[in-house]
Structure formats: C-alpha cells, structure tokens
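Colleague: Hi! Could you walk me through this one? I'd like to understand how the pieces fit together.

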Amino acid sequence: MNIDIRHIAKLARLRIEDDQFEKFEKEMQNIVDMVENLPDIDEELALDENDPMTLREDCAVTDKYTRQELMANAPQVKAGCLVVPKTVE
Amino acid sequence: MVKGYEVVIGLETHAELNTESKIYCDCKNQFGLEVNSQVCPVCMGMPGALPTLNEKVVDYAIKMGHALNCKINRVCKQDRKNYFYPDLPKAYQISQAEVPLCENGYVDILVDGEERRIGVTRIHIEEDAGKLLHSDKFDGCSLVDLNRCGVPLIEIVSEPDMRSSAEAKAYLETLKSILQYLGICDCKMEQGSIRCDVNVSVHKPGEPLGTRSEMKNVNSFSAAVRGIDYEVNRQIEILENGGRVEQETRRWDDVKGESVSMRSKEDAQDYRYFPEPDLLTIVVDEERVNALKNEIPELPNTKLLRYVRKFGLSQKEATFIAESAELAALFDGCMAKGKYPAKAYATWLLGDFIKYLNDTGKSVSDTCLDADNLTELVGLIEKGTISNAGGKKIFAVIIEKKEDVAALVDKLGLAQVSDSSALEAIADEVLAANEKSVSDYKNGKTNALGYLVGQCMKASKGKANPGMMKEIILKKLG
Amino acid sequence: MELYGKNAAELSAMLKNREISSVELTESVFRRIDETEEKINAYVTLDRENALKSAAEIDARRAAGEELSPLAGIVMGIKDNISTKGLATTCASKMLADYKPPFNATVMDKLAAAGVVVAGKLNMDEFAMGSSTETSYFKPTKNPYDTDRIPGGSSGGSAAAVAAGEAVLALGSDTGGSIRQPAAYCGVVGLKPTYGAVSRFGLVAFASSLDQIGPIGKTVEDVAMLQTAICGHDRMDATSARREYPDYFRGLENNAQGLKIGIPKEYFGDGIDGEVKQKIMDAVKLLEKNGASVKEISLPSADYALSSYYIISSAEASSNLARYDGVRYGYRAENYDGLIDMYEKTRSEGFGDEVKRRIMLGTFVLSSGFFDAYYKKAKLLQRRISAEFSDAFGEVDVIATPTVPTTAFRIGENTDDPLKMYATDICTVTVNIAGLPALSVPCGCDSKGLPVGLQLIGGKFTEQRLLNAAYTYEHLRGGFPAAVI
C-alpha cells in the first residue's frame, strides 16, 4: 500500500520539510508494510452490551475554577478570550 | 414545482437541550454568561481530562425519538469526528456515527391544509462547539469563547422528503413545537438553540434526482425559506443555462440574501470517525425506554390534525391552540365536556384570551380561566341567556377571579330578555312611536330595520335578545 | 544501608515506629539525586522545596498521633504525563514544556490523601511514545545498571529513578509495555493493572483504550502497597470499573502450591534472546519445584498483536494529540501566516519525529477508504486475542513470558530503525490489547550483568493472584543486586 504522505500530513496538520520527506516516507512505508499483514476476519464489530457505561447525573457545579486558572497556560489571551489568527467567516 | 422543476429538500436540525449541566462535564449549561466563565478542563480539552455522559441527554434524545416515531437503539455508542478549528478544543467532536440513539422515524405535518409525512432518518446526540468572535478592532485576530463547548445537542436528520420551502418551514415549526412540548429545548432562535443545515436539489419530473448542495449557517425558519428559495432558483438557473450543479457546501448569508460556496466535494473534509475510546457502550434498559415513551404527551402535530379533522377548526385556529401545551389542555378540557361546538371555544381562546395574555404577559395557568367556567360562559351565550357583549364582561371577571358565572349574570344585570311576549310588547311600543321608519322600511329602505331594532334594544336597556328582537320586528313589519 | 536504598515496605514500618522521619527520608533521597541524577537523567522537574514541606507536614501529623496510611511520608516520583496541579506536566515534549495543569489527576489526589511525598516529575518518551526514553525532548535517561544503555520506555525515568534510589516508588503508565519493559531493563518490579482498575483522569492520553497508570517499586510488596493506594472506581473516568478492590499488600501470600502456570510457545520463538529465555525458564522451574504446575499453552493470534497494537494505539493517538494546536495551552510557533500555518508550524515544531510518525500512521489508518482494512481489522483481532486469553485462563492461573526479548540495548542503537524499536514491545502489547493485568519481576541478569524481567500475566482483575505469584517467586529467588552507579 502506497500512502500519500502529503495528504495525510495535511489532515494531521503536520508539515514534513522537504529535506526530511524521503526519510519520513520510507519509515512510514515500512511501518504500514508491517501492520498490513493482518488476516481477513469475516465478522462485524458488535457493540458490547455486557460492559455498559454508568451515566452522570445531570447536576451543574459552578465556581470549580477561575477563568484565570484555566487560561493561565494560553499563549495569547485578550478580553477573557483566547486569541487565534483571524478565521474566515 | 418551480418553473417545471421538482424540488427536493432534506434538513439536518440541531437543537440544544436545556439540561442543567453540559453533555460531558458538570459545567453549567446556560446561554449569555460572561465569556469563558462556564468552562472546565473537560470542555476546554485540557490534557488528561475525560468526558462523562450526562444521563439527561440520553433521556431527552430518546423522548424526541419517541415523539418522532423512531426506533430507539438502546445499545449504541459514541464516535469522534476529527477536524481542526479554534472553536473545537479537542480537535474532535464527540458525536454518533454508525449507530445513532434513534432512527427510522417520521413526523406528520400540515401544509396549506394538506397532511404530509416527513421521514426522520436519525436522531443522534453530540456536543456543541464554542464561539468565535470577530471584529475589525481585533487586529487580524479572532477571539474564542468556549462557554458553548459541550452544550448538549441532538441532531435530527430528515429524509429528503420536502418539496418546497413552505414544507420545510412547516416541518421546522412542527419540530420546534414538539421540542417545546417535551420541554427539552428552550427554542430561542435568537440564541441559536435551534439551527439547521439544508440540503437542496432540483430535477425535472420523471428524471433522476439532481446533485444536491448543502447550505450551512441557517439560523431562523424564515432564513431557511429564503435560503431554500434562493438555492432552488440558483440551481434552476444553472441547469437552464446548460450548466451542471456542483456537489458542494455553501454558506447562507441572510443579510445579503445569497449563498456562497464554502468548499467543493473535492476538498470535502475527511472526518476520520472512529469509536470514542473514552466512553463505553450506552445501554439503556428496555423499561427505561418504555417509561420515557409513557412520559410523552399527545404532541402538537397530532393535536393539530385532530382539531382540524374531528372538531372542524381551521388550520390557523388549530395550530394556534395546539402549539401551546397549556392552551391545548384548556381547550381539550372544554371539548371533553362534549357540550358546545369547538368554534365557540376557539373564538374566546383566540380572541379575548390571547389578547389578555399578550397584554398582561401572563401564562394560561396564571389566569383563573378553566374548562368549567369557560364552558358555563359559552353555554350562557349559546342558550341566549346573555349577549356576546355581556359575555365579554363576564369573561373579563372570571379570567382574574374565581367567581360563579351564573351569579355574575345577575350581579352585572346581564340576563337577556328572551321571553317573546315581553319582546313583542316592546316592539309594538317602538313601532308605534316610529311610524316614519316603518313606512321607510316598507318603501324599500331596508336599513331602517337596523334603526328599529336598535330602538328596541335601547327601550329594553340592552337586555333584549337581539336575535329574537330582530325576528319579531321583521314579522311585525310583514 | 542508606534510607534511599530501602524499599517502601521497610520504610513504612520505620516511619510508623518513628525510627525515622519523612524529612530524613526525603533528604536522603534528594542527597542521592544530587549524587546520581547527573548520570541518570531520571527527572524532568524536581520539587525539592514542596517535597520537604509535605514531608514535614506528615511528620507533624504523625507526631500528633494521627493514624496515617502505609504510604504516608514515602518519597515518590511521578511520570511526567500524570497531571500535577501547579507542577509542570510536560510529557517530555517541547509542546508542553511550560504547561502547568490547573487540576490534579485522580491518582495524585489519592496519593496526596495517602500522604505521599512527591520528589518530582520523571522523564519519559515524548507523549509515552517510545521504548527507550530517547524520544524525550529534554534528555535521554540512562540505565542505572549501565549508563551507556537505555532504561527502556516509555516510563524510563520511573524505572531508572527507583533502580537508582532516586525515588522509593514511582508511578508509570503502560500503553504497550511502558511500565513492564523499563522495569525489566532496570531490575525493578512494575505492574500494569487491569484496564479500568486505576483512573485515567489526568493521565495525558496516548491511546485511551489501552493506557493504564501503574506502580513501579523495588519489590513486589512495594508495588502491592502502591497499587492498593491508586486503584478504585472514579466517576470522572467513564472507563473506570465499578468494583471493590482488596488491600493487595495485606493480601500477599508466599505460596506456590497449586499455582498453575501457562507457558505460551508463541512467546519463546526465535526473536527471544537465548540468555533471556534461559532465565525465564529457570524462574518457572523454581516455582514448579516449589509446588506450581507448568503447562504449555498456545495463543495463536499473538503474531498479529504488534500490528493490531500499532494500528489501534496510533489511531487513538492521532486524535488524542490533535488538541495540541497552540490555542489553549502549550507551545505556539513564533511566526505564522494565518490559522492553518499556525497549526502546522506549531505542531511540526512542537512534536518530535516519533510522535509525528505515530500521528501520521494513526491519521492514515482512520482516513477515508482505509478504516476497514486497518482499524476495523485490528479491533476484530483484538477481540480474538482477548478470547484466546480467556480460554487460556480457563486452564491456568498465570501466564509466564519474557517481558522483553533482550536485555537493555545501547543508547542510539535502535533510534534509526523504528521497526526494530517497535519489536521490543512484542511480548507486552498483547496484554494491553486484551486489557489484562501483568507485571514484570527481575529474574536474574545476563552475562553482561543486565537485568532480565519475568512477565506474569493474569486474568482481568486478578492482580492479587499475580502479585502473590511474583511475591512467592521473589522469595525463592532471593535478593537482587542493586545497581552500582
């Protein structure tokens, strides 16, 4: 299976520099070749009814954190908001 | 049909559920609070934070599923929809892909008096994204407010069963009234609590379906109508000019009244859906599914059809009553007495009552009106005991106070004189005193009749039954 | 013996009897860190001041007669992918080099309640992706038994710190062997608990359906003590199992009688080093001589485990690591032109090569047209592998295998060949794929003096039986030579 490294990188929002590209492509190809040898299994992935999830009760908790605490790690903050390059709307 | 083309419309409607907390964390689910004040590590997508599913969200979605006659998948899962955008903190939205909570339903709607059945493909649960704020003052930047992240949504996907923008509007209005009846969505359009994406295509009758375009950013029902009409015309124009409609996603600009292309099929996003590994299988007990079904009241669209078919109300009257659960309950209470025609009640409910509610800002339950006193009032008028005008006086009292209706007739002196001998005596007196009018009438001036009846009413101090009075005068005039 | 060289069970008793104070122990550990850390590189962040402060608090509480947990006053290191409120949690990545979580992982709250003293945050492979701790953005950690060699990974800092005496106990995380493999290489004991036994809340996710936090210690007793403190249901983690857990430390039994050991032939093939194979068989024979029965079993789908593991773990990782976009926390590229450019530069500069490879692989296997051929097949094989284990546990109590096919390799030896690096996980990944508990216990050294690890695998939630088997073996084996640095 040949993989389109540039397309995958675009989906993953990664950029592979030109001088790295060949090496990266070869490594990726080797990895994909390794994982490709899986046998066909003619079954469907059924949902596991025996391992059900416990749901959370609908209760709101306020004032657990301050905005300042939660935004302390943000690279750029303005007027209580996170800042990003202008998005086209 | 528009200009010889058949129009095919499908809608994807998102409704925000009015739960106490968000779908995957215990942050408050509330609109309009200070930016980034209703967030926590979970809805901010902090490293290591994990989602936990709110049980109310599952319940509400199942209720909507029942309301739209869906099959409920009591065993289902959640999936991740992966894409990058600043309003999506985890860079994936937790949604449902393969197995939605509800599927294969339908909803009956009424369009111009015609009943239509619209298929519902699926209803699934998912989380809302945050909001981006734009301004020229932001120096080429956008600001991100994450308060809305994790607000619970249900996405209701219709079959491509609608054939006009009017049908789409009726469908959306029906969904809205059902959501309101179930009490699971605030339905505040201006706050974006219901939003929809519209899929539109056109084709010549007998030909295969046309290529569809998807339109995003439709934020009101009237915008949906405008957007659909615009898109239909745009596609027809392309086809008429020998062109081909592209499969693409377009963005509706309601201010400019036009849609613009967002992306074509070629750069369609690859969302790389896969099962959400942080959450296990959702398993809802059979009993729970049934219990939720039993909680569903008769829905407004069903009521509407019943009012039109069984009670003979007009679509407008029926819609008005059916859309308000409280009003409908009052109306149904009255009809259950089986005494008087629906129209007689509808006249009061859609007239003086609505005016009163609008003027005072009260709700139905804030008033003292109930099926008993309203039926009594309608009965008095139907039997001719009091006049319509007298009825209005009583209505004004019983809407605010629990007073005995019969006693009010006496207290306000509203009893009509319906005794024919008494009325005849008045008629004789009035005719004798107005010889000129009598001769005018006989010479063909028919409006003299009104004057004579008016004089009789005056002589009776307004208590004469006007219908009977008129009959007697006519008889006496020959 | 210096305090730092003792094990937690001993120290717990000494603290309880007030033979020593927690401050003395903490000072001893930090003295050791001062001596050896330059050579070992186990820690990313040291938190000496707070450690001494909490040690003093514990001492005061003990002096006041308060009844404290067995771990109170014990000095620990925490793998740097476990969220510690206000203390940098970097995942050994440039991406999170300055990130300080505003909340504690559930395990950290539990350890705080137990009165544990946290010395600092331990080095690891970047985002736990790697088998040697060489993918750390900051520095490679060295093996205390031979500082030219890797300590294993991804919890290399955790295993090395315990082996070097730079921490009495440590927390690691294990997605495909990341606790057991470094424990084997560094001559310490590491337990990967049953999936769902320990809350993942606050563990920075690599592969959500496989990740588990677990204990590393010098002895089985130490590991049992720490596991007792960290396991339990957590309503913040939907995948956390709702059940009661025993006190594993009190439950320890030294008894091989009746223990049924399975030897899966697929785990003793050509890829396994001869010396390693010999040590494992010696360990099994020792148990057999003392009352255990040994049976050869077969786990035929084991061959597909490594592929399934890399598909599932990379798929989940590609999604889990998408949140590092330079918006809410973490690294953001300095110069960029618009949103997409900011995303791409931030992520390309912030992640190392191994992380990028896994993200790319995961993105590929989930991408349109390939999902069925990779992800879906891997999930189906996962079920088959689990079923084979279930069948096996109908016949035996524990399964014994090597933890790793070889002993620790040299730094740089495998860095140019991802596949060779991935192959070191071959014996451990099946356990994660099947969600089972497993541990690695040292079972001797090879001719180079490098430790060999015996892996014991149990059925779901049979940690006690697993720990008992290892505890029994440990007694039969006798003392294990400490690393000389």
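Colleague: Let's start small: over how many bridges do β4 and β15 of chain B pair, and in which sense?

Modeller: Happy to help, and please keep in mind that this is a predicted model. Strand β4(B), residues 79-82, pairs with β15(B) over two bridges, in the antiparallel sense. Within that pairing, B:Asp79 sits opposite B:Pro275.

Colleague: Which sheet do those strands belong to?

Modeller: An open, antiparallel sheet of three strands in chain B, with the order β5-β4-β15. The edges are β5 (92-95) and β15 (274-275), each of which pairs on one side only.

Colleague: And what is in the loop between β4 and β5 of chain B?

Modeller: B:Ala91 is there, and its phi is near 65 degrees, a positive value in a residue other than glycine. Most residues other than glycine have a negative phi.

Colleague: Is B:Ala91 buried or exposed?

Modeller: B:Ala91 counts as buried because it has 22 C-beta neighbours inside 10 Å, and the cut-off for buried is 20 or more.

Colleague: Which residue in the loop between α2 and β11 of chain B should I look at?

Modeller: Try B:Cys187, which lies in that loop. Its phi is near 55 degrees, again positive in a residue other than glycine. B:Cys187 is partly exposed, since 17 other C-beta atoms lie within 10 Å.

Colleague: Switching topic: what is the strand order in the nine-strand sheet of chain B?

Modeller: That open sheet runs β2-β6-β7-β10-β1-β11-β12-β13-β14, and its pairing is mixed. At the edges stand β2 (71-72) and β14 (258-264); each has a single partner strand, so one side of each has no neighbour in the sheet.

Colleague: How many bridges are there between β6 and β7 of chain B?

Modeller: Nine, with the two strands antiparallel. One bridge links B:Tyr106 with B:Gly119 in β7(B).

Colleague: Which helix packs on the sheet, touching β2, β6, β7 and β10 of chain B?

Modeller: Helix α1(B), residues 55-67, packs there, and its direction makes about 165 degrees with that of β7(B). Helix α2(B) lies across β1, β6, β7, β10 and β11 of chain B, at about 115 degrees to β6(B).

Colleague: How is chain B divided into domains?

Modeller: Into domain 1 (6-292), domain 2 (297-411) and domain 3 (420-477). The centres of domains 1 and 2 of chain B, taken over C-alpha atoms, are 37 Å apart.

Colleague: How many residues of those two are in contact?

Modeller: 11 residues of domain 1 of chain B are in contact with nine of domain 2 of chain B. On the domain 1 side, β6 (102-111) and α2 (165-182) of chain B are the elements that give two or more residues. By class, that side has six nonpolar, three polar and two charged residues.

Colleague: Which residues of helix α6 of chain B are buried?

Modeller: In α6(B), residues 315-323, the buried ones are B:Glu317, B:Ala318, B:Thr319, B:Phe320, B:Ile321 and B:Ala322. Their cover includes α5 (300-311), α7 (325-336) and α8 (342-360) of chain B.

Colleague: Now between chains. How many residues of chain A are in contact with chain B?

Modeller: 32 residues of chain A are in contact with 38 residues of chain B. β2(A) gives the most to the chain A side, with five residues. By class, that side has 17 nonpolar, three polar and 12 charged residues.

Colleague: Which strand of chain B do the four bridges join to β2(A)?

Modeller: β9(B), residues 141-145, and the two strands run antiparallel. A:Pro85 has B:Cys141 in β9(B) as its bridge partner.

Colleague: And what about chain C: how many of its residues are in contact with chain B?

Modeller: 34 residues of chain C are in contact with 26 residues of chain B. α9(C) gives the most to the chain C side, with three residues. That side has 18 nonpolar, nine polar and seven charged residues.

Colleague: Last one: how many residues are in the largest nonpolar core?

Modeller: It has 263 residues, and B:Ala61, C:Met76 and C:Ala470 have the most contacts inside it. α9(C) gives the most to this core, with 10 residues.

Terms used: Residues numbered from 1 in each chain as written. Chains lettered and ligands numbered in written order. Predicted model: local features only at pLDDT ≥ 70, side-chain atom pairs only at ≥ 80, totals over all residues. Pairing = 2+ DSSP bridges. Contact = placed C-beta atoms within 7 Å. Nonpolar A, V, L, I, M, F, W, Y, C, P; charged D, E, K, R; others polar. Domains from an automatic or database assignment. Core = buried A, V, L, I, M, F, W, Y, C linked by C-beta atoms within 7 Å. Buried ≥ 20, exposed ≤ 12 C-beta atoms within 10 Å, placed from the backbone. Axes fitted to C-alpha atoms, helices over the stretch in contact; angles between N-to-C directions.
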